[in-house]
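Reader: Please show the chain, and then we can go through its cores and confidence.

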Amino acid sequence: MLSLHSCGCCYRVSTSRAFKFQTSTSFSASNYKYRFSTARRVIASSGSEKEQNSIEDNKRSNYSGVRLEETVDNGTRSGKLRLDNWISSRINGISRARVQSSIKAGLVHVNGRVVDKVSSFNVKAGDEVKCTITELQQLRAVPENIPLDIVYEDEHVIVINKPAHMVVHPAPGNTSGTLVNGILHHCNLPNFEFSNQEALPDTEDSEDEFKSFDSDASFREGLDSRLSMASIRPGIVHRLDKGTSGLLVVAKDEHSHMKLSEQFKLRTIKRVYVSLTAGVPTPTTGRIEVPVGRDPNNRLRMTAVVGPVSSMKARHAASRYRVIEILAGGSCALVEWKLETGRTHQIRAHAKYLGVPLLGDEVYGGTKNMVLSLLRPRTALSLHGQVAQMVSRLDRPCLHALTLGFQHPHTGEQVHLSSDPPLDFDEILSLLRRIGSERISLSKHPISS
């Protein structure tokens with residue numbers, strides 16, 4: 001049963017089933033903009049000058065052909081502001097990656113000279129900048145008639161309840177059958193170009209925050225690094241890993257994409273996950289602040305890095321967790337996670353660090369043999385057959401993106417969405433409860449927002 005409530009301050013969408021526990025999703029999102037005064041500004045399209053507010057018309061066409069001519073203000077500190085950052089701050093709503101593409105295409109001049117280096121050029125007061133926004137690349141993904149579980153949709157955003165086993169975006173090895181293919185059949189999406197330096201934030205279980213999807217995807221697929229090039233990802237603001245189910249928001253226009261990406265960067269997006277773990281975390285509530293980096297012995301896996309991290313290029317990662325329910329006599333647990341950062345496989349790596357890998361997570365130690373070894377000694381003989389069947393059907397990490405909260409990119413209203421775990425997760429949970437269940441009081445072990 002789906003219920004929808006809307007009011008002047010928020011939207012709330014939830015699904016109701018036997019799976020229930022308390023979560024808190026209230027938060028506030030802050031606006032983030034570069035602020036500079038302007039000495040001279042001309043924005044033109046198709047060779048003719050227009051007023052600044054005409055850029056709204058160009059948003060509809062993804063800014064293609066928009067021109068900026070401006071002198072950098074005296075308030076800008078010398079050597080402190082990259083060219084791409086400065087340009088993106090002057091054209092409201094455009095993504096930094098789109099500006100970077102224009103720079104690489106030779107469409108940006110500073111003091112009459114072409115600048116084609118993205119990361120090594122800083123602007124200073126008095127510099128005269130001329131920029132023309134490049135055309136977007138042709139979309140690589142093709143529409144496919146794939147059923148979608150749409151939790152919320154308006155003219156600017158769409159929120160999907162992604163099923164497990166579905167890849168979010170076409171990539172080497174997964175060129176069709178993805179969420180993007182299905183969304184393109186459902187509605188038109190603008191094309192967004194991302195460079196290897198640009199942010200594509202991650203809800204847990206996907207790519208690192210502000211890191212190229214293609215670069216990481218090539219590692220995961222074991223492909224040659226030459227595949228790690230810029231990619232078109234229509235509307236995608238963040239991702240979930242193939243095996244993870246749950247909520248994912250997609251932008252329908254470039255302004256929405258920029259605003260949502262900004263919220264991920266500032267970590268004002270609220271994300272709550274639930275998992276089933278092999279074992280019970282000790283203590284039953286806590287905060288893990290352990291860097292996550294790629295495992296040098298297995299490029300498909302991340303690892304929590306304790307001690308010096310420079311050699312492994314590990315990045316700061318922090319997760320809060322709370323045991324909701326101890327299951328099967330202490331063999332397993334239902335655990336809630338709230339992310340402070342969004343690193344690749346963050347929850348899975350942190351769960352392994354705690355010694356409680358997710359059920360079904362073969363990569364991080366939650367293997368079928370391990371799960372059976374935990375459950376059999378604590379399970380009545382009458383249930384051994386059902387347990388064996390349940391374990392044999394484990395084909396993904398038991399992880400679900402339960403709650404998603406964000407500030408609507410156009411209205412500024414708070415959107416709070418939730419969706420219960422899918423049937424496979426619920427069936428496993430029900431069987432584990434039959435073996436044994438102990439609820440953990442929320443008042444005794446709160447998890448802060």
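Author: A nonpolar core is a set of buried Ala, Val, Leu, Ile, Met, Phe, Trp, Tyr and Cys residues joined through side-chain atoms within 4.5 Å, where buried means under 20% relative accessible area with a 1.4 Å probe, protein chains only. This is a predicted model, in which local features need pLDDT of at least 70, side-chain atom pairs count only at pLDDT 80 or more, and totals for chains, interfaces and linings use all residues. Residues are numbered from 1 along each chain as its sequence is written, and side-chain values use heavy atoms, with hydrogens and water left out.

Reader: Between which domains does the largest nonpolar core lie?

Author: The largest nonpolar core has 33 residues, and L179, I183, V250, Y273 and W337 have the most contacts inside it. At least two of its residues come from each of several elements, including α4 (179–186) and β21; helices (H or I, at least four residues) and strands (E, at least two) are DSSP runs, numbered from the N terminus. Because both give residues to this core, it lies between domain 2 (137–199 + 232–266) and domain 3 (268–448), with bounds from an automatic or database domain assignment.

Reader: Which residues of α10 are buried?

Author: Elements covering the buried residues of α10 include β16 (270–278), α8 (368–375) and α9 (384–392). The buried residues are F425, D426, I428, L429, L431, L432 and I435.

Reader: What is the mean pLDDT of the chain?

Author: pLDDT is the predictor's confidence in each residue, from 0 to 100. It stays under 50 over residues 20–61 and over residues 193–232. Of the chain's residues, 70% reach 70 or more, and the mean pLDDT is 77.

Conventions: Buried means under 20% relative accessible area, exposed over 50%, partly exposed in between (1.4 Å probe, protein chains only). Contact means heavy atoms within 4.5 Å.
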